[in-house]
Amino acid sequence: FHCPTYDGDQIINTTWDSSWTAFFKRRIHEAYLLDLERNGFWQLYEDVVKVTLDKLIPRLLDVLTEEGRAIKPVLIHGDLWESNIGTDEETDEIYFWDACAYYAHHEREVAMWRCAHHQMTDEKYRGEYFKNYPPSEPRQEADDRNRLYSVEILMNSPDLDIKLLLG
């Protein structure tokens, strides 16, 4: 993206990387560094982030570009949830605001819709999205990718206690 964007008070590094895997790893690493700065070191969290960066992200995202497949980056809203969507009562036009836009894999857009602290968690919302923008191959791993993408959102939620998520 041509300029940095923000998710609340958190800057989103939109520097282009031709590898979606590398770009997403950077997003997770930067979210981790911000959490470390705000909340201090916690060994279990460090261990989970390391496995996520070194093993999980490459396993789930590298496959998107195997066997001649490619990811076509799309401009996503980046913070698309019920409080950033509205309908004009007179015209029925739908409006979106408070974007933290950047270019990403299209499946990243709906990851927020599985986070329990939002109201759009029912799978039907993601299902409707995927009717219009089908999941990438391998499709059988789309839900795993969506779960992974939601981790970035959870890590960037300053009022969410990550220790509660990890136990």
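Start by selecting Asp7 and showing what surrounds it: leaving aside neighbours within four places in sequence, Asp7 is in contact (heavy atoms within 4.5 Å) with Ile12, Asp79, Cys100 and Asn156. You'll find Asp7 in strand S1, residues 5–7. Helices here are DSSP runs of H or I with at least four residues, strands are runs of E with at least two, and both are numbered from the N terminus.

A quick note before moving on: this is a predicted model, where local features need pLDDT of at least 70 and side-chain atom pairs count only at pLDDT 80 or more, while totals for chains, interfaces and linings use all residues. Residues are numbered from 1 along each chain as its sequence is written, and side-chain values use heavy atoms, with hydrogens and water left out.

Stay on Asp7 a moment longer. Which side chain of opposite charge is nearest to Asp7? It's Arg108, 5.9 Å away, and Asp7 is buried yet has no salt bridge. Some terms: buried means under 20% relative accessible area, exposed means over 50%, and partly exposed is in between, using a 1.4 Å probe and protein chains only. Lys and Arg count as positive, Asp and Glu as negative, and His and the chain ends are not counted. A salt bridge is a side-chain nitrogen of Lys or Arg within 4 Å of a carboxyl oxygen of Asp or Glu.

Now click on Arg108 and add Glu152. These two form a salt bridge, with their closest N and O atoms 2.8 Å apart. The pair links distant parts of the chain, 44 residues apart: Arg108 sits in the loop between strand S6 (102–104) and helix H3 (123–132), and Glu152 in helix H4 (residues 142–155). Are they buried or exposed? Arg108 counts as buried because its relative accessible area is 3%, and Glu152 is buried too, at 1%. Add Arg27 to the selection, and you have a network of salt bridges linking Arg27, Arg108 and Glu152. The structure holds eleven salt bridges.

Next, slide along helix H4 to Arg147. Its side chain meets that of Asp143 in a salt bridge (3.4 Å, N to O). The two are four residues apart in helix H4, so about one helical turn separates them. Arg147 also forms a salt bridge with Asp144, the closest N and O atoms being 3.7 Å apart. Arg147 and Asp144 are three residues apart in the helix, again about one turn. Here the accessibility reads 41% for Arg147, 36% for Asp143 and 35% for Asp144. Arg147, Asp143 and Asp144 therefore count as partly exposed.

Head to the loop between H3 and H4 and pick Pro138. Pro138 is buried, at 9% relative accessibility. Not counting residues up to four places away in sequence, Pro138 touches Val63, Arg69 and Arg145. Leu60 is 78 residues away from Pro138 in sequence, but their C-alpha atoms are 9.6 Å apart in space.

Last stop: show the surface and select Trp16, Leu75 and Tyr103. Together they form a nonpolar patch with about 350 Å² of accessible area. Trp16 is in the loop between strand S2 (10–12) and helix H1 (20–39), and it counts as exposed at 56% relative accessibility. Patches are made of residues with over 30% relative accessible area and no salt bridge, joining like charges within 9 Å and nonpolar side chains (Val, Leu, Ile, Met, Phe, Trp, Tyr) within 5 Å. Accessible areas come from the Shrake-Rupley method with a 1.4 Å probe, and for residues only the protein chains shown count as cover.
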